[in-house]
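Welcome! Let's get to know this structure together through a few questions and answers. Please have a look at it first.

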Amino acid sequence: MIQNIVTLPHARLRKRSKPIGHISKQTLQLIEDMKESTLDWEDQRQHEVGVALAAVQIDQLKRVVVIRSDFDDKNNRTFAALINPEIIKHEGQQVTEFEGCLSVKNVYGKVPRYETVHVRAKNPKGDVVNITANGFLARVLQHEIDHTNGILFVDRIKDTPEAFHRLAEDGHISDMDEVERDEIFKVIFE
Ligand SMILES: [Zn+2]
C-alpha cells in the first residue's frame, strides 16, 4: 500500500529504528509498501528519482532500507531490500557530493561520505549478505543507514551553511542566500 513520505520537521525521523528479529509477513509487506511509496513519490515528480528509502520515512521505526537496482535507468522499477544493514568498515577518503532526501523538501546539500563501505545485512529471505560498495552506491548506503540511526544528511552538514543549496521544482540547483537558509533551518532543525 502506498504510504505518505514523512518530511522534516517530523520528530520520528531523528529516532533510532529497531532491528528486525524474525522476518515476518509484516516485514515483507513493509518492504513492498516502501517500494510502492518511493515509486509513487517519483511518479509525482518529473525531475526526481526515488533512489532509496528507509522504513522510518514511511513512519515505521524498523531497520529496513530499499535501494533501486539501477540508478541510471528510471524505467527499471526494481529494488533490493536490506534488513538490519550496518557498516562494518569504511575505506578511502571522504568525498563531498550533492545529496538530497525524500524527507527534506527543496534542499540539496554537499555531504562528505566515505568512498568505499563494507555493509552487512540480511536479504528478505533471511540470508546474510555482504556488500562492498564504491562511489554513488556507497553514498546511498551511508545515507540510508544514517536514517536507521535517526540521522539526516542535513545533520551531517549543519556546521557548514555553505553546503546547503536550494532544489527547485524543475530540478535546478542554486545557491541559498542567508534569509532562505534561516527559513529552512527553522523547519529542519527546530
Ligand atoms: Zn533520505
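Q: Is N84 buried, partly exposed or exposed?
A: This is a predicted model, and in it N84 has 19 C-beta neighbours inside 10 Å. A residue needs 20 or more to be buried and 12 or fewer to be exposed. N84 therefore counts as partly exposed.

Q: Where does N84 sit, and what is its phi?
A: N84 belongs to strand β3. Most residues other than glycine have a negative phi. N84 is not a glycine, and yet its phi is positive, at about 50 degrees.

Q: Which strand holds N106, and what is the phi of N106?
A: N106 lies in strand β4, where it is partly exposed, with 15 other C-beta atoms within 10 Å. N106, too, is a residue other than glycine with a positive phi. The value is near 65 degrees.

Q: How many bridges join β3 to β4?
A: These two strands form a hairpin with two residues between them. They run antiparallel, and one of the pairings sets V95 against R113 in β4. The number of bridges joining β3 to β4 is 13.

Q: Which residue in β3 stands opposite I67?
A: Strand β3 is also joined to β2, by five bridges. The strands β2 and β3 run antiparallel. Opposite I67 in β3 stands A80.

Q: In what order do helices and strands follow each other along the sequence?
A: The protein has four helices and seven strands. Reading along the sequence, we meet them in the pattern α-β-β-β-β-β-α-α-β-β-α.

Q: What is the radius of gyration, and why does it agree with a compact globule?
A: The C-alpha trace spans about 50 × 40 × 35 Å along its principal axes. A compact globule of 190 residues would have a radius of gyration near 16 Å, so the value found for the protein agrees. That value is 16 Å.

Q: Which element gives the largest share of the largest nonpolar core?
A: In soluble globular proteins, nonpolar side chains tend to be buried together. Here the largest nonpolar core has 39 residues, and those touching the most other members are M34, L53, A55, V64, V65, V66 and A81. Elements giving two or more residues to this core include α1, β1, β2 and α2. The largest share, seven residues, comes from β4.

Q: Which residues of α2 does V65 contact?
A: Leaving aside neighbours within four places in sequence, V65 is in contact with A52, L53, A54, L82, P85, E144 and T148. The buried residues of α2 include E144 and T148. From α2, then, V65 touches E144 and T148.

Q: Why do the buried residues of α1 line one face, and which residues are they?
A: An α-helix has 3.6 residues a turn, so residues three or four places apart point the same way. Seen down the axis of α1, the buried residues fall within an arc of 130 degrees, so they line one face of the helix. They pack against β1, β2 and β3, while the face turned away carries the exposed residues K25, Q29 and D43. The buried residues of α1 are L30, I31, M34, S37 and T38.

Q: How far apart are the end C-alpha atoms of α1?
A: Helix α1 has 19 residues. At 1.5 Å a residue, they should span 27 Å, so the distance in the model agrees. The end C-alpha atoms are 27 Å apart.

Q: What span does α2 reach from its first C-alpha to its last?
A: Helix α2 has 14 residues, for which 20 Å is expected at 1.5 Å a residue. What covers its buried residues includes β1, β2, β3, β4, β5 and α3. Just after α2, G150 takes a positive phi of about 75 degrees. The span of α2 is 21 Å.

Q: How far apart in space are L137 and R68?
A: L137 is found in helix α2 and is partly exposed, with 19 other C-beta atoms within 10 Å. L137 and R68 are 69 residues apart in sequence. From C-alpha to C-alpha, their distance in space is 9.8 Å.

Q: Which residues does the cis peptide bond join?
A: Most peptide bonds are trans. In the segment before α1, where P9 has its place, there is a cis peptide bond with an omega of about 15 degrees. The residues joined by it are L8 and P9.

Note on methods
Residues numbered from 1 in each chain as written. Predicted model: local features only at pLDDT ≥ 70, side-chain atom pairs only at ≥ 80, totals over all residues. Rg over C-alpha atoms; globule rule 2.2 N^0.38 Å. Core = buried A, V, L, I, M, F, W, Y, C linked by C-beta atoms within 7 Å. Contact = placed C-beta atoms within 7 Å. Expected span 1.5 Å × (residues − 1). Pairing = 2+ DSSP bridges. Arc of directions from axis to C-beta.
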